[in-house]
Amino acid sequence: QVQLIESGGGLVQAGGSLRLSCAASGRTFSSYGMGWFRQAPEKEREFVASISWGGGSIYYADSVKGRFTISRDNAKNTLYLQMNSLKPEDTAVYYCARRRYSGASSSMGEYDHWGQGTRVTVSS
């Protein structure tokens, strides 16, 4: 059974940085695309970033492009999201997810395993 455990969330001032991590159980982490999604209060969950199995393909939502960086370490079964220049509108619960396939994608329906989420709050 696949388990995804996010960490690294917290409270930060606008303009600050945070690094989220997602530790995955199982020996097949390196075979799958991975993604980060977020859900702000009273809003629907939305795509943030995605990375293919080997890191060769990466997609970002327009709202985070140039500020966030997704990466992965397959030797450590860990996915990362480096978030810089944070804005109050980045406040949300951030979820990592494993895609059914090896490539990257922004389509939420293609992800079949989800973590419990880590909360990020950006104060103005």
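Trainee: What makes the meeting of the side chains of Glu 110 and Arg 99 a salt bridge?

Mentor: In this predicted model, the nitrogen-to-oxygen distance between the side chains of Glu 110 and Arg 99 is 2.6 Å. A salt bridge asks for a side-chain nitrogen of Lys or Arg within 4 Å of a carboxyl oxygen of Asp or Glu, so the pair qualifies. Glu 110 lies in the loop between E9 and E10, whereas Arg 99 belongs to strand E9, and the two are 11 residues apart.

Trainee: Why does Arg 99 count as buried, and why is Glu 110 called partly exposed?

Mentor: The relative accessibility of Arg 99 is 11%, and buried means under 20%, so Arg 99 counts as buried. Glu 110 has a relative accessible area of 22%, which falls between the 20% limit for buried and the 50% limit for exposed, so Glu 110 is partly exposed.

Trainee: How many salt bridges does the structure hold, and which residues do salt bridges that share partners join into one network?

Mentor: There are five salt bridges in the structure, and Arg 38, Glu 46, Arg 67 and Asp 90 are joined into one network by salt bridges that share partners. One of the five links Asp 90 with Arg 67 at 2.7 Å from N to O. Asp 90 sits in the loop between E8 and E9 and Arg 67 in the loop between strand E6 and E7, so this pair ties together parts that are 23 residues apart in sequence.

Trainee: Are Asp 90 and Arg 67 buried or exposed?

Mentor: Asp 90 has a relative accessible area of 1% and Arg 67 has 10% relative accessibility. With buried meaning under 20%, Asp 90 is buried, and Arg 67 is buried as well. By contrast, Asp 62, whose side chain meets that of Lys 65 in a salt bridge of 3.1 Å from N to O, has a relative accessible area of 66%, and exposed means over 50%, so Asp 62 is exposed.

Trainee: Why is Arg 98 said to have no salt bridge, and which side chain of opposite charge is nearest?

Mentor: The nearest side chain of opposite charge is that of Asp 112, at 4.1 Å from Arg 98. A salt bridge needs a distance within 4 Å, so Arg 98 is left without one, although Arg 98 is buried. Arg 98 is in strand E9, which covers residues 92–99, and its bridge partner in E10 is His 113. Among the residues in contact with Arg 98, leaving aside neighbours within four places in sequence, are Val 2, Tyr 32, Met 34, Glu 110 and Asp 112.

Trainee: How do you know that E9 is largely enclosed by the rest of the structure?

Mentor: Eight of the eight residues of E9 are buried, so the strand is largely enclosed. E9 also pairs with other strands: six bridges join E4 to E9 in the antiparallel sense, while E9 and E11 are antiparallel over three bridges. Three bridges join E9 to E10, again antiparallel. Within these pairings, Arg 38 stands opposite Tyr 94, and Val 93 has Arg 119 as its bridge partner in E11.

Trainee: Which residues have the most contacts inside the largest nonpolar core?

Mentor: They are Trp 36, Val 48, Phe 68, Leu 79, Leu 81, Met 83 and Tyr 94, in a core of 30 residues. E9 is one of the strands that each supply at least two residues of this core, and others include E3, E4 and E11. Tyr 94 touches, among others, Leu 20, Trp 36, Val 48, Phe 68, Leu 81 and Met 83, not counting residues up to four places away in sequence.

Trainee: What makes Cys 22 and Cys 96 a disulfide?

Mentor: Their sulfur atoms are 2.0 Å apart, and the limit is within 2.5 Å, so the pair meets the definition. Cys 22 is in strand E3 and Cys 96 in strand E9, so the disulfide links parts of the chain 74 residues apart. A search of the whole structure finds one disulfide, with 45° about the S-S bond and a right-handed link; both Cys 22 and Cys 96 are buried.

Trainee: Why does Leu 86 count as buried?

Mentor: Leu 86 has 2% relative accessibility, and the limit is under 20%, so Leu 86 counts as buried. Leu 86 lies in the loop between E8 and E9, and its contacts include Val 12, Leu 18, Arg 67, Phe 68 and Val 122.

Terms used: Residues numbered from 1 in each chain as written. Predicted model: local features only at pLDDT ≥ 70, side-chain atom pairs only at ≥ 80, totals over all residues. Heavy atoms only, no water. Helix = DSSP H or I, 4+ residues; strand = E, 2+ residues; numbered from the N terminus. Buried < 20%, exposed > 50% of the residue type's maximum accessible area, 1.4 Å probe, protein only. Lys, Arg positive; Asp, Glu negative; His and termini not counted. Contact = heavy atoms within 4.5 Å. Pairing = 2+ DSSP bridges. Core = buried A, V, L, I, M, F, W, Y, C linked by side-chain atoms within 4.5 Å.
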